[in-house]
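Here is a friendly walk through one structure, taken a few features at a time. Have the model open beside you and turn it as you read.

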Amino acid sequence: MSRLRRATQKELDEAVTALRNGELVAFPTETVYGLGANARNPAALRRIFEAKGRPVSHPLILHLDSERFLPRWAMEIPESAYKLAEQFWPGPLTLILRSNADVSELLTGGQDTIAIRVPSHPMAQQLLTAFGGGLAAPSANRFGRLSPTRPEHVREELGDAVRLILDGGESTIGLESTIVSLVEAQPRLLRPGNVRLDQLREVLGDVQVGPVESSPRVPGSLASHYAPSIPVVIVPTFNLELRIDALLTQARRAAVLAQRPPRKAQTNVTWINAGRRADVFAHDLYANLRSLDKSGAAEILVEEVPEGPQWEAVRDRLQRASATGSNEPVGDDLT
Ligand code: TXA
Ligand code: MG
């Protein structure tokens with residue numbers, strides 16, 4: 001595992017200069033790597049959409065070094081935002097608030113709301129403070145693909161489209177932030193993540209779950225988001241061996257992501273035992289799926305994960321990775 005790194009002064013200077021020139025800088029966060037641009041520069045924001053191949057209607061998350069700058073970007077900030085900030089920032093939580101009128105439409109997707117997060121990764125903190133403003137940063141992957149949790153994933157996804165990649169080691173959490181909307185009468189969980197529903201409820205009381213018609217758009221809620229290129233199939237534990245044998249009898253290779261070792265050694269099977277701990281499973285999930293995606297298998301078989309709050313974000317991402325075809329939102333599913 002590569003170490004969590006802080007940036008050198010040289011790296012910081014280079015990154016800040018690039019950002020001030022409207023260029024893109026990929027940087028580590030504790031969730032996944034972000035593709036950063038000066039949030040006050042529309043030309044820079046446009047570059048994000050080009051580099052990712054992402055439709056401009058999909059809003060971006062604004063990253064700040066602390067809640068001190070919130071009023072520059074959001075208005076009518078409810079008390080609940082500060083309560084959550086106190087508890088979970090810096091950290092893997094994104095808040096949806098009413099945006100100020102001068103915020104770029106490229107950031108908000110033309111809506112009157114803004115997504116804001118204060119990341120805890122030391123290098124993200126250094127960069128944000130040195131830059132001295134807000135950075136718009138979606139995950140640093142091509143649209144619809146797996147989020148990067150290592151600098152080499154960013155290079156793989158975006159190549160030369162990004163001016164600079166800051167290497168901060170592996171993302172410690174490995175899944176995108178929890179997104180909570182605070183613009184309706186009731187707080188609403190839009191995307192599950194490392195900050196769990198039960199933890200949110202401890203601070204907020206009642207919290208609604210999943211997007212509704214009137215909720216802001218969340219591309220992470222498209223059914224086929226976060227997907228490898230080989231089909232992903234979620235398989236109940238008792239069926240795993242049967243599904244593997246079915247592929248092998250057709251002379252095809254199988255890739256498996258399980259929580260246990262294989263019962264027997266088999267050729268033409270690439271097996272990853274990701275273990276039984278939800279936090280470790282989450283940390284390794286995207287890197288594991290990336291490596292299985294290169295295995296030459298006909299399918300990636302993922303052993304079903306347990307029920308329970310610890311596994312909620314992993315379940316959500318696995319469902320999306322396994323959803324085929326359509327870019328239709330997945331109804332009132334957790335997103
Ligand atoms: O952990 C994370 O959140 C990472 C790191 C880099 O911070 N970022 C991330 O960004 O996952 P992205 O763009 O891949 O996903 C951001 C999500 C999208 O699903 C987007 O629609 C949602 O945030 N979002 C942004 N602005 C929004 C808004 N105004 N209302 C509702 N959802 C919004
Ligand atoms: Mg993303």
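## A tour of helix pairs, a pocket and two backbone details

Helices α10 and α11 are roughly parallel to each other, because their angle of about 30° falls under the 35 degrees used as the limit for that word. Keep in mind as you look that this is a predicted model. To find the pair, select residues 278-293 for α10 and residues 312-322 for α11; their axes lie 9 Å apart. The crossing of α10 past α11 is left-handed. On the α10 side, the contact is made by Ala278, Phe281, Ala282, Leu285 and Tyr286, and these meet Val314, Arg317 and Leu318 in α11. Sorted by class, this contact holds 7 nonpolar residues, 1 charged residue and no polar ones.

Stay with these helices for a moment, and turn to the empty space beside them. Rolling a probe the size of a water molecule over the atoms shows where such space is left. The second largest pocket has a volume of about 250 Å³. Its lining consists of 15 residues, and those nearest the centre of the pocket are Asn194, Ala278, Asp279, Ala282 and Gln310. Which elements give two or more residues to this lining? They are α10 and α11, and α10 gives the most, with 5 residues. Ala278 and Ala282 thus appear in both parts of the picture: they belong to the α10 side of the helix contact, and they are among the residues nearest the centre of the second largest pocket. By class, the lining of this pocket has 8 nonpolar, 5 polar and 2 charged residues.

Now for two other helix pairs. Two packed helices are described by the angle between their axes and the distance between the axes. For α1 (residues 9-20) and α6 (residues 122-131), the angle is about 55° and the distance is 10 Å. That angle makes α1 oblique to α6. The crossing of these two helices is right-handed. From α1, the residues in contact are Leu12, Ala15, Val16, Leu19 and Arg20, while α6 brings Gln126, Leu127, Ala130 and Phe131. The contact of α1 with α6 is made up of 7 nonpolar residues, 1 polar and 1 charged.

The other pair is α4 (residues 79-88) and α8 (residues 197-204), whose axes cross at roughly 125° and come within 10 Å. These helices are therefore oblique to each other, and their crossing is right-handed. Look for Ser80, Lys83, Leu84, Gln87 and Phe88 in α4, which meet Gln199, Leu200, Val203 and Leu204 in α8. Here the classes are 5 nonpolar, 3 polar and 1 charged.

Two details of the backbone round off the tour. Most residues other than glycine have a negative phi, and most peptide bonds are trans. Where does Pro90 sit? Pro90 is in the loop between α4 and β5 (93-99), and the peptide bond that joins Trp89 and Pro90 is cis, with omega about -5°. The other detail is Ala251, a residue other than glycine whose phi is positive, near 60°. You can find Ala251 in the loop between α9 (240-249) and β13 (254-258).

Key:
Residues are numbered from 1 along each chain as its sequence is written. Chains are lettered from A and ligands numbered from 1 in the order in which they are written. This is a predicted model: local features need pLDDT of at least 70, side-chain atom pairs count only at pLDDT 80 or more; totals for chains, interfaces and linings use all residues. Side-chain values use heavy atoms; hydrogens and water are left out. Axes are lines fitted to C-alpha atoms, for helices over the stretch in contact, and angles run from 0 to 180 degrees between N-to-C directions. Helices (H or I, at least four residues) and strands (E, at least two) are DSSP runs, numbered from the N terminus. Angles under 35 degrees count as roughly parallel, over 145 as roughly antiparallel, 65 to 115 as roughly perpendicular and the rest as oblique. A crossing is left-handed if the near helix is turned anticlockwise from the far one by less than a right angle, and right-handed if clockwise. Contact means heavy atoms within 4.5 Å. Ala, Val, Leu, Ile, Met, Phe, Trp, Tyr, Cys and Pro count as nonpolar, Asp, Glu, Lys and Arg as charged, and the others, Gly among them, as polar. On a 1 Å grid over the protein atoms alone, a cavity is a set of points where a 1.4 Å probe fits but cannot get out, and a pocket is an open set with protein on both sides within 12 Å along at least five of seven lines; lining residues have an atom within 4 Å of a point. Grid points are joined across faces, edges and corners, and a volume is the space filled by probe spheres set on the points.
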